[in-house]
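Please look over the chain displayed here before turning to the notes on its helices and on one of its loops.

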Amino acid sequence: MTVSLFSSLLADTASDIKALQDQLKLDSQILAETFYFWTVVVMWLIHAGFMAYEAGAARRKNVMSTAMKNILTIAVVTPTFYYFGWYVYGCMEEGWPKNGHMSPDALPGFCGLTAPWSAASGPNLQDHISGVFFLAFLLFSWTTGSIMSGALIERIRLSAYLVLTALLGSFVWILDAAWGWSAGGWLTTRFGFHDAIASGVVHGVAGLFTLGVLINLGPRIGKYDFKGRARTFRGHNQHLTLLGLMLIFTGFYGFYAACLVIQSTVFPGWVNIYLSPTTLGAIAMVITIGFAGGFTGGWFASKGDPFWTLSGGLAGVIAVSAGADVYHPSLAYLLSFSGAIVAVWAGKFIEQRLRLDDAVGAVAVHGVCGFYGVLLVGIFAGGYPTGINNIESSMGGQLMGIMAFIPLAFLPGYFASLALKKLNLLRVPPEVELEGLDMAEFHQDFFPEFASVRERIVSPDGEIEDAVPILIDAYDRSSYGKTPAGVGAES
Amino acid sequence: MFDAFPYDAWGPEVADFWAWGGANSTGTYLVTALGLLLMVASLVGFVRQETGRLNDQQARLLREGILTHMRPSAPTTPTTPTSE
């Protein structure tokens, strides 16, 4: 009798415990779902920020065509990433086109869940995670496109940019993420490659892809004088540019948070993308002090230039992102300071020595500092165990990642833009560039109530000059139109 | 509370409806294919539409003279109602 009663009580208790466990699991999943949902919301600010940043840096005649690039990035990269980008991430961890899902190191079953026709890619009441996890990566993809976007403004065709950003956002960066920014990626499991918050895999790769495009795109008309010295175009609204950067910084907190994984019934606490333990507080400390160090470095390296001071903040954070889960805040402060200095120097070198017209310094800030950040992990976080195989981070592993990413990033950007150039689909006609892209694309001036003044340009000597004769002269000197530009109503 | 709400029983029916017959089904393959088609067509459309616009504008600028279009413009005069 007593035994029977005890058994009955035990069965009831076991049933209650099972129900509680199920409820706890569901709550944990919904908590993770909610967390990623809000990181995505915050990351939208990155794109609002990039739009404001680039539109402000554009001359008045190009403001809407510049902003429209950022908006249509969302229209184009979202479906391309859904239809094949996510599958690349899930199935190419072991390289391409090797079957990543067959590898014992790859996450079991993940590949099959990333096809657009899979149960995880559609509405599924049993799956609270796949959708928001996909969205977080989608927002990273938009970011790669936006990084490239600013460098190319005022002369690239909108459609050429969209084709290139689909390639970058839905194939190039996500393939390197599969290799080196996943728990089962071959760079992670074999070499301990460590890039926790994507210094290299997002920023470095997008910057290097952009470099390949810039080589084929060429500078804006009038950017360089006949001696090859750089002039400076004055953006129509620097306040808007700085506001845009501040929005990007705000969005970065969402970006950082989305790079971590949390689900209490699976992991005992926060883990990074490689499933190594960390905390949200640790990376939030690093990003905040990274901005402080970056602003400081940018200010001093640029001698107080507002644009480079804020870009220095971005560069500083990018330089410490790869090791953000490991660095002590003081170390992050020092390294971000150095990252901003590197960005300012690299920006001047790219503009003045390489004579590449990167309108917003994207290659320096994202490309150079992204790979700089990856290198810093090899120096300052060597020995840290990375990933499910606990392979120690090392300079060799970091260099292996860089050697894999440089051709992966640069070559597609270079050859895809070269192909578009050969087809005469890369750059707007020179006459349209002189007049401004907004008139050709949208047939209107977007500040109709404001009188326009003659365009100004800053000479290599720092003098502010009337831009029109300079631009017309540059047009005439080039091999552009058969009819000299001066032949017209005013000549 | 959950006992009074047949969430589990409704779940599969709702999921099947939402997913057009579920994962790896003909319906899902079909909408995926249509979506891919729209994706490619929109990219081609962006290129073709912009090429037409740019060519037209370039031809107009060459015909009318570029300098005409680089002169400063006056602000658009707003239409103000006249008081009677």
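The report below takes up a single helix, then a helix pair, then a loop residue, in a model that is predicted.

## Helix α10

Helix α10 of chain A covers residues 306-321, and because its 16 residues should span 22 Å at 1.5 Å a residue, the 23 Å between its end C-alpha atoms agrees with that expectation. The helix is mostly covered, since 15 of the 16 residues of α10(A) are buried.

## Packing of α9 and α11

Two packed helices are described by the angle between their axes and the distance between the axes. For helix α9 (residues 280-301) and helix α11 (residues 329-353) of chain A, the angle is about 40° and the axes lie 7 Å apart. That angle makes α9(A) oblique to α11(A), and the crossing of these two helices is right-handed.

On the side of α9(A), the residues that meet α11(A) include Met285(A), Val286(A), Ile289(A), Gly290(A), Gly293(A), Gly294(A), Gly297(A) and Gly298(A), while those contributed by α11(A) include Pro329(A), Tyr333(A), Phe337(A), Ile341(A), Val344(A) and Trp345(A). By class, the residues of this contact between α9(A) and α11(A) divide into 14 nonpolar and nine polar, with no charged residue.

## Glu449 in its loop

Glu449(A) is placed in the loop between α15 (437-442) and β4 (456-458) of chain A. Because Glu449(A) has 9 C-beta neighbours inside 10 Å, and 12 or fewer is the limit for this class, Glu449(A) counts as exposed.

Glu449(A) and Trp186(A) are 263 residues apart along the chain, and their C-alpha atoms are separated by 57 Å.

How values were computed: Residues numbered from 1 in each chain as written. Chains lettered and ligands numbered in written order. Predicted model: local features only at pLDDT ≥ 70, side-chain atom pairs only at ≥ 80, totals over all residues. Helix = DSSP H or I, 4+ residues; strand = E, 2+ residues; numbered from the N terminus. Expected span 1.5 Å × (residues − 1). Buried ≥ 20, exposed ≤ 12 C-beta atoms within 10 Å, placed from the backbone. Axes fitted to C-alpha atoms, helices over the stretch in contact; angles between N-to-C directions. Parallel < 35°, antiparallel > 145°, perpendicular 65-115°, else oblique. Left-handed = near helix turned anticlockwise from the far one by under 90°. Contact = placed C-beta atoms within 7 Å. Nonpolar A, V, L, I, M, F, W, Y, C, P; charged D, E, K, R; others polar.
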